[in-house]
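Colleague: Before I take this model to the bench, I should like to go through it with you. Could you put it up, so that we can work from it step by step?

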Amino acid sequence: IAVHAFEQTADICPNHLIAVPHSNVMRVRKAQALPIEVVVRRHVTGSLWRDVEAGRHGVYEVELPAGLRKDQRLDSPIITPSTKAEYGVHDEPISRRVILEKGLVSEDVLDKAFDVALKLFARGEQLAAEQGLILVDTKYEMGLIDGKLVVIDEIHTADSSRYWKADSFEERFAKGEPQAMLDKENIRQWLI
């Protein structure tokens, strides 16, 4: 899935993929990973919904409309970045301003990463729609190779993205029912 997504988005931003010698193996170029994940969201669900309910969503410093409902579609995608934590530690929500204040990423690289992420997400939405799916939200990991921004890790997989079935979204949303998910959110909800 990641290889297909890299191939379908290479015109937007280069990625680290060199070759696929086996279906379970990707050979990639080594990149200097950005210490953040760029999370793009089109719907208010998952951790963002939990933050909205708890009044913690202000950490992103992104304006959200009043009176939101769980799973509501936003008119435009928003970016809610997170830290890229060490293994075994949870990523933490962070705002663009704090990323720059802490010097985690330079402003020019961050602006480029945000711009690329929105373009990747638009392509991901298009590809998902062609399969009868909604790309709800996703995380993009990026890095630098020879000073140039590249997409790394994986994109648009069920591990990095949240997908819902499109044909039942409106009815389920209207009834306040959980969406027909094709990702790992069911496990997260069970664990919570």
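Colleague: Let us begin with alanine 85: does it count as buried, exposed or partly exposed at its relative accessibility?

Modeller: Residues are numbered from 1 along each chain as its sequence is written, and side-chain values use heavy atoms, with hydrogens and water left out. This is a predicted model, in which local features need pLDDT of at least 70 and side-chain atom pairs count only at pLDDT 80 or more, whereas totals for chains, interfaces and linings use all residues. Buried means under 20% relative accessible area and exposed over 50%, with partly exposed in between (1.4 Å probe, protein chains only). Alanine 85 has a relative accessibility of 22% and therefore counts as partly exposed.

Colleague: How far apart in space are alanine 85 and proline 35, C-alpha to C-alpha?

Modeller: Alanine 85 lies in the loop between strand S5 (82–83) and helix H3, where helices (H or I, at least four residues) and strands (E, at least two) are DSSP runs numbered from the N terminus. Alanine 85 and proline 35 are separated by 50 residues in sequence, yet their C-alpha to C-alpha distance in space is 7.7 Å.

Colleague: Where in the protein chain is the confidence lowest?

Modeller: pLDDT is the predictor's confidence in each residue, from 0 to 100; the protein chain averages 93, and 98% of the residues score at least 70. Where pLDDT is low, the predicted coordinates should not be read in detail. Confidence is highest in H4, at a mean of 98, and lowest, at a mean of 73 over residues 185–191, in helix H6.

Colleague: How far apart are the end C-alpha atoms of helix H4, set against the span it should have?

Modeller: The expected span of a helix is 1.5 Å times one less than its number of residues, so the 24 residues of H4 (residues 107–130) should span 34 Å. The distance between its end C-alpha atoms agrees with this, at 35 Å.

Colleague: Which element gives the most to the largest nonpolar core?

Modeller: A nonpolar core is a set of buried Ala, Val, Leu, Ile, Met, Phe, Trp, Tyr and Cys residues joined through side-chain atoms within 4.5 Å. The largest one has 30 residues, and those with the most contacts inside it are Leu34, Val38, Tyr140, Met142 and Leu149. At least two residues of this core come from each of several elements, including helix H1 (2–9), strand S3 (32–44) and strand S6 (133–145). With nine residues, the element that gives the most to this core is H4.

Colleague: Which residues of H4 is methionine 142 in contact with, among those more than four places away in sequence?

Modeller: Contact means heavy atoms within 4.5 Å, and on that basis methionine 142 touches, among others, Leu34, Leu149 and Ile152. The buried residues of H4 include Ala113, Val116, Ala117 and Leu120. The contacts of methionine 142 include these four names: Ala113, Val116, Ala117 and Leu120.

Colleague: Which residues do the ring pairs link into a cluster?

Modeller: Rings of Phe, Tyr and Trp (its six-membered ring) pair if their centres lie within 6.5 Å, and planes under 30 degrees apart count as stacked, over 60 as edge-to-face and the rest as tilted; the structure holds two such pairs. Tryptophan 164 and phenylalanine 169 are stacked, at 5.8 Å centre to centre with 15° between the planes, and phenylalanine 169 and phenylalanine 173 are stacked too, at 5.7 Å and 15°. The last two both lie in helix H5 (residues 169–175), four residues apart, about one turn of the helix. The cluster is thus made of Trp164, Phe169 and Phe173.

Colleague: Aspartate 146 and histidine 156 each have a positive phi although neither is a glycine; which of the two is buried?

Modeller: Most residues other than glycine have a negative phi, and most peptide bonds are trans. Aspartate 146, with a phi of about 50°, is found in the loop between S6 and S7 and is exposed, with a relative accessible area of 76%. Phi is about 60° at the other residue, which lies in the loop between S7 and strand S8 (161–165). With a relative accessible area of 6%, the buried one is histidine 156.
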